[in-house]
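User: I've got this model open and I'd like to know what the labels rest on. Can you walk me through a few of them?

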Amino acid sequence: MALIEVKVPDIGDFDEVTVIEVMVKVGDTVKAEQSLITVESDKASMEIPCSQAGVVKEIKVALGGKVKQGSLVLLLESSSASSPSGQAGSPPPQPSPVPVEGSKVSAAPVAAAAPVAAAPAASGPVEVRVPDIGDFKDVTVIEMLVKVGDTIKLEQGLITVESDKASMEIPSSMAGVVKELKVKLGDKVNIGDLVAILEGSAPAAASAAPASAPAAAPAAAPVAAVASAPAAPAAAVPAHAPGAAPIGLPHASPSVRKFARELGVPLNEVKGTGLKGRITDSDIQYFTRSVMSGAVQTLAAAAQAKPASGGDGAALGLIPWPKVDFAKFGPIERKDLSRIKKISGANLLRNAIMIPAVTNHDDCDITDLEAFRVSTNKENEKNPSAAKVTMLAFLIKACVAALKKFPEFNSSLDGDALVYKNYWHIGFAADTPNGLMVPVIKDADKKGIFQISQEMGELAKKARDGKLSPAEMSGATFTISSLGGIGGRYFTPIINAPEVAILGVCRSTIEPKWDGKAFQPRLTLPLSLTWDHRVIDGAAAARFNVYLGQILGDFRRVLL
Ligand code: CAO
């Protein structure tokens with residue numbers, strides 16, 4: 001069967017555009033004119049459809065990659081009769097003009113909204129009208145991108161219009177101040193309709209251009225398809241075309257899509273509040289705030305459906321995850337991630353990305369505390385029901401004291417507000433055969449070292465046996481991750497959102513400490529405090545660590 005090279009057709013004045021969506025995968029059977037990829041410039045997005053039906057054999061573009069006219073999109077096994085001119089290695093089928101709404105449209109750029117000099121002077125009120133937008137008729141104004149009084153730049157989008165097949169921004173061809181807006185949301189506009197009256201310096205070419213010659217307007221903004229040429233199968237159809245988009249693309253203007261991508265917001269998870277459910281800038285901002293505050297865990301959901309390694313990164317606006325055929329380099333074995341690893345991986349990924357986290361490393365002297373711990377355990381040797389006391393129980397108690405002194409460490413972000421919690425539930429990371437779990441010691445402030453040690457032992461056992469209930473893993477206000485039983489020096493733990501800090505602890509070692517006269521062997525515990533910089537300042541983090549160190553250095557301070 002012949003392999004057809006499907007290439008990017010003539011897309012007008014687009015030079016290099018970015019691939020923002022790959023809508024098919026190898027093995028897919030595609031129809032003629034089915035969209036294959038979505039590309040985007042800073043002003044528009046458009047889908048590149050397939051020139052004929054067939055089965056996708058190889059995809060030659062990657063998310064985030066740049067393409068231009070003639071770039072190879074994919075290899076297709078044609079399901080139609082042979083097409084010799086389209087065989088791999090032979091010249092590509094002629095990129096064809098774009099049929100939009102059944103009309104003849106080529107992928108030429110939309111000229112900037114045409115200014116019509118109301119006065120011959122180079123400055124003063126200038127009418128800006130809808131330029132030639134090809135065969136688009138009665139397109140709806142779905143977004144006002146400027147308001148009266150705004151100072152706008154040359155080529156800045158004024159309004160977004162939408163037909164049933166495309167959305168496009170109508171840019172201004174002059175810089176100036178918006179004096180009057182002549183359209184409103186929901187209006188239908190056509191070529192030549194008055195959009196706005198601007199005051200400012202009109203570019204020379206613009207002032208020379210007659211109203212009836214919008215195509216001559218300067219600074220054409222590559223947006224959508226216009227002009228005329230014979231229609232043929234291959235076509236570049238502007239994106240967000242409900243009729244054309246096979247996988248229900250969210251409705252949003254190109255600039256909103258770009259904004260969302262910059263923030264790593266998956267558009268298909270954002271609820272649009274604009275006209276016809278369209279996603280606006282404010283929706284993106286609201287979504288971002290909700291995720292940051294922990295109210296929405298959508299990135300986690302996205303990551304859960306994919307490997308904890310980060311999936312293909314598309315949901316986060318990243319370049320795709322490298323695909324390597326490891327077997328080419330040596331023998332391999334493939335094992336699925338455990339359910340716990342998938343869930344915790346998704347949470348870790350979200351927390352690592354969403355939280356501007358900083359880690360402070362510090363040491364504290366636990367020589368006396370360790371001596372006390374050892375003697376306490378010795379005293380209890382004869383009591384079989386007494387739980388063994390480990391350093392972690394003291395750390396939990398010490399952290400409660402530090403959290404009380406520095407309450408913002410025991411808070412959570414909720415939008416623009418900080419929620420201070422007047423309870424102290426401390427989570428501790430437990431290593432289990434299936435992955436990391438975080439049981440929670442509730443009301444640690446009300447419990448003694450023995451009770452905490454006993455509960456910790458029970459919860460850690462339940463974690464290892466896979467028997468922890470959701471209630472036993474929820475409600476933490478702060479978490480400790482101790483690798484003290486294993487080793488290491490320092491590490492950078494990831495905050496367990498919506499908490500705002502986490503303490504990492506490694507193995508204590510005897511270190512020489514200068515006491516002013518001589519070096520003394522002191523048992524030194526390394527601490528690593530990771531904190532959310534939106535809530536906590538570096539100075540507060542340093543103070544927290546110092547205070548924690550003072551408590552661990554002399555545990556009587558807990559009583560103060
Ligand atoms: N320095 C030196 N020794 C330490 C120590 C420290 N900071 N912390 C614990 N130890 C010692 C204990 O005293 C104990 O020694 P003995 O057996 O001689 O008494 C030994 O190490 C083992 O302690 P433990 O790990 O069983 O007990 P714990 O209370 O310290 O920790 C638990 C319990 C459940 C937290 C731990 O078993 C665990 O799972 N830790 C791993 C947590 C983890 O994976 N964190 C990483 C998260 S980020 O990926």
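User: What makes the S481 side chain a polar contact of the ligand nitrogen atom?

Analyst: First, this is a predicted model, where local features need pLDDT of at least 70, side-chain atom pairs count only at pLDDT 80 or more, and totals for chains, interfaces and linings use all residues. Residues are numbered from 1 along each chain as its sequence is written, and side-chain values use heavy atoms, with hydrogens and water left out. A polar contact with the ligand is a pair of N or O atoms within 3.5 Å. A polar side-chain atom of S481 is 3.0 Å from a ligand nitrogen, so the pair counts.

User: What about T390 and the ligand oxygen atom?

Analyst: An N or O atom in the T390 side chain is 2.5 Å from that oxygen, so the pair passes by that cut-off too.

User: Why are W514 and F519 called edge-to-face?

Analyst: Rings of Phe, Tyr and Trp (its six-membered ring) pair if their centres lie within 6.5 Å; planes under 30 degrees apart are stacked, over 60 edge-to-face, the rest tilted. W514 and F519 have centres 4.9 Å apart and planes at 65 degrees, so edge-to-face fits.

User: Why does W514 count as exposed?

Analyst: Exposed means over 50% relative accessible area, buried under 20%, partly exposed in between (1.4 Å probe, protein chains only). W514 has 52% relative accessibility, so W514 counts as exposed.

User: How do you know that K404 sits over W424?

Analyst: The rule wants NZ of Lys or CZ of Arg within 6 Å of the ring centre and within 35 degrees of the ring normal. K404 lies over the W424 face at 4.6 Å from the ring centre.

Terms used:
Polar contact = N/O pair within 3.5 Å; in protein donor to acceptor, adjacent residues only side chain to side chain.
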